[in-house]
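Student: Could you take a close look at the aromatic contacts in this structure and go through them carefully, with the cut-offs behind each term?

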Amino acid sequence: MRLKKIRVMAVLLSMVMMLGVLAACGSSSKEEKVAAPAGSESTNAGGNEPSAAAKEDDGPFSKYEEPVTVSLGRQGVSGNNLPAGDTLENNKYLKYVEDRLNVKVKYDFSVEDQDAYNQKVTLAISSNSLPDILVVDEQQFKRMAKAGMLADLTEVFDQYASPLIKDYYNSYTGDRVLNTGRIDGKLMALPNTNIDGNYQLLWIRQDWLNKLKLETPRTMDEVKTVIKAFKEQDPDGNGKADTVGLLGDKSVVADGGFFTFDPIFNANHAYPKNWFKDEGGNIFYGSTTPETKQALSELRAMYADGLIDKEFLTRKYEDNAGLVSSGRAGILFAPWFGGWALSDAVKANPEADWVPLAVPLDGDGKRNIVPSTPSGTFMVVNKKAEHPEAALKMLSVEYEGIRLIDPAAQELYKDLGVGWLNYPINVQLDYQDSLARDVPIYEKAIKDKKLDDLPARILPRVKAVLKNNENPKKDIPAYADSLAFYTAASITGAKEIVKVEPVFYGKTEAMLKKGANLEKLENETFLKIITGTSPLEEFDKFVETWKSIGGEEITKEVAEAVESP
Amino acid sequence: MRSRASIWNYHLMLLPGILLLIAFSVVPMFGIVIAFQDFQPTLGIFHSEWVGWENFEYMFSLPDSRLILGNTLSIALMKIIAGLTVPFVFALLFHEVANIKFKRTIQTIVYLPHFMSWVILSGVLINLLSLDGIINQMIQWFGGDPVMFLQSNHWFRFVIVSSDVWKEFGFNTIIYIAALTSINTNLYEAAAIDGANRFQRLTNITIPGLMTTVILLATLSLGNVLNAGFEQILNLYNPIVYESGDIIDTYVYRSGLLEIQYGLATAVGLLKSVVSFVLIAASYGLAARFANYRIF
């Protein structure tokens, strides 16, 4: 009896308290300090509250009282889809961030080309005149940290990163992503997250396969047969021998690279550019193994037979893309997001039917892959920046927008396909298993045709898949989304996939100093062997030289780093 | 008598040039101390750690350094030789053309490439030289096998030198044409009266008359010997032809700007400057001796 009474009292009490909270919300909403996600549109007329209260509410989404200007250096976006009149420097996404945080963005520089951007960054580093926020690569990040140019983000991250952003980082096993931004335990940069499944798939023209009556290839030999047929049997039927073989890229292997030959190395159990431990506990570098030599000899034979595009060395990305869109290439390696690039070919020729495959398989019927390095780019904040927390706040707000969590953000450039890269800071964050996580959602939505209880972030994509299923290839952006997020993403989870985990990611001291020369030696040697400029035996000489000009030193450092993390 | 003041006017006219020289050529010279430092931008030139000859030692320990120096020298020398002879021969032929209209048209066409950047021209060249480009089609038409000019260490230098000549010879011809017009026409008339034929007039009047210009240009270009054409090579090369085409400037660009090795890049650049200085001094001596060209 008594117990029951207490319970009723408790319920009543809590109800009263809730009412009180609601009332408080209602009364204070006009002078709201904290712009809650949904309330972003509310005007902030406040400013006469005691500052102590402001401190208490100081979180990821708190709006600055006074306008704050933040300078950025950024890489521009090609084909950014912005409507006429809007630019990278002046668009609704920037305005959105500004409205919610009272942060004005000023670009110190913005260049489109990757090399030019890197130059700008290195110049900014060398002249010690950094913008407040920059996105840089690992080497640049380490240099800047060593030179003491960066702000320590440890506390700022704890206080100002939104739960979503923390969730993204937490989804990576063993804290492995956020760790790459730490130096001596301090968080000096916010790394991007490379989600699972960025390895290269074999993209192939199904319509060409059908035309030449070929089976879908699975093994390396079958892949070669298909390339040979594509090259020699005039699959486009124009009567000219103008189709090139497998497309290539002069970086040979690259994490998540387009047109690189990683899958051929992997099929030979070779994993260049990664660090492993052998059975005896010794650290070794994947580019120096006999398996790598084996893969090189296979590539060399393919090049000699004309199965690999003879001119891949003089081609840039656009040239390869041109070969694809003009229907002169029908087979290539690219990651799942290659779906977008390949949709261009369909625009030019609706018959082109690109399908992704998780092949070639090795002798055991497995497609071995090396999981992506946890991160490749890093958001760093200048030590001299007045508001280091602004970077985290901007990122938090950005991700409410990018993932369409905030209803207001859903209205920005609705259905125009304006890329998220137009937001001020370009750090890609997502759950480790984001591809695999979404595929069942697509499947269910396609089966039930029900869109009601889907999370907002995924809704446009599900719509795209449905739209494309109904009317294949009629709407190219929908086709591209469907090809990348659905078709290719489900392939990345194929049962043939075996992960080969490296023991070390990141850069050691000697790598920073000597790595560039070693990489040049490696790349040059591999290319020469593949194109037949040097004999295959050059590989053994490369291993010797590699060891003597710094490789041995780096191996020792890596071993130490692995022993005592 | 000429007043001192009027001479000062002339000296004053030198001032802008000297100021620019100081601002853009002398002041940056202090930057070479980076070659002896482990340069840290935040510490700047004054507080970075001194490392002595370490950057130079590392530079010479790299297998590339000798290769790069060799490439730079050989490409530059080939360019100088071709760059002197082609415009010279062209100017002589050109001089013999009587039709003014034809002359003007040809002159415009040949010097047009000079005004285009290597970024554009390299795009054109890559297309021309590709496997299905027009040059390979011609080779095949004559029964030859297609050649991958830009992926072959054998051909790459040849492509670099000949495309450089193609770009610049029209413009350099102007200097020779100017020199040709300064030859006294009385000489030709006198020779004609004496019964000299066209070829004899060429060998006895035109070529000797041009010789000072040739020697002057040749000796002056020696000072440029280590500038083998950064922009051109950067736009045309790829890792396969580093062996025959990588020059000091492209190397400094890659290691300094792309790979953030300031010390090493500056050390390589400094080496280039030292060698260039020796060559400029030598060429000035030669110019003074053979062409009577003196600044001081």
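Tutor: What follows looks at the aromatic pairs first and then turns to the surface patches.

This is a predicted model, in which local features need pLDDT of at least 70 and side-chain atom pairs count only at pLDDT 80 or more, while totals for chains, interfaces and linings use all residues. Residues are numbered from 1 along each chain as its sequence is written, chains are lettered from A and ligands numbered from 1 in the order in which they are written, and side-chain values use heavy atoms, with hydrogens and water left out.

Over all chains, the structure holds 43 aromatic pairs (rings of Phe, Tyr and Trp, the last by its six-membered ring, with centres within 6.5 Å; planes under 30 degrees apart are stacked, over 60 edge-to-face, the rest tilted). One of them joins Trp336(A) and Phe485(A), whose ring centres are 5.7 Å apart and whose planes stand at 45°, so this pair is tilted. Because Trp336(A) lies in the loop between strand E10 (331–334) and helix H14 (338–348) of chain A, and Phe485(A) in helix H19 (residues 476–491) of chain A, the pair ties together parts that are 149 residues apart in sequence (helices, H or I with at least four residues, and strands, E with at least two, are DSSP runs numbered from the N terminus). Both Trp336(A) and Phe485(A) are buried (under 20% relative accessible area, with exposed over 50% and partly exposed in between, for a 1.4 Å probe and protein chains only).

Helix H19 of chain A also carries Tyr486(A), which pairs with Tyr442(A) in helix H17 (residues 434–448) of chain A, 44 residues apart. That pair is edge-to-face, at 5.8 Å centre to centre and 65° between the planes. Tyr442(A) is buried at a relative accessible area of 1%, and Tyr486(A) is buried at 19%. Trp336(A) and Phe485(A) further belong to one aromatic cluster with Phe258(A), Phe259(A), Tyr317(A), Phe337(A) and Trp340(A).

On the surface of chain A, Glu112(A), Asp113(A), Asp115(A), Glu318(A) and Asp319(A) gather in a patch of negative charge (residues with over 30% relative accessible area and no salt bridge, like charges being joined within 9 Å and nonpolar side chains, namely Val, Leu, Ile, Met, Phe, Trp and Tyr, within 5 Å; a salt bridge is a side-chain nitrogen of Lys or Arg within 4 Å of a carboxyl oxygen of Asp or Glu). Of these, Asp115(A) lies in helix H4 (residues 114–126) of chain A and is partly exposed, with a relative accessible area of 39%.

Conventions:
Accessible areas come from the Shrake-Rupley method with a 1.4 Å probe; for residues, only the protein chains shown count as cover. Lys and Arg count as positive and Asp and Glu as negative; His and the chain ends are not counted. The place of a charge is taken as NZ of Lys, CZ of Arg, CG of Asp or CD of Glu.
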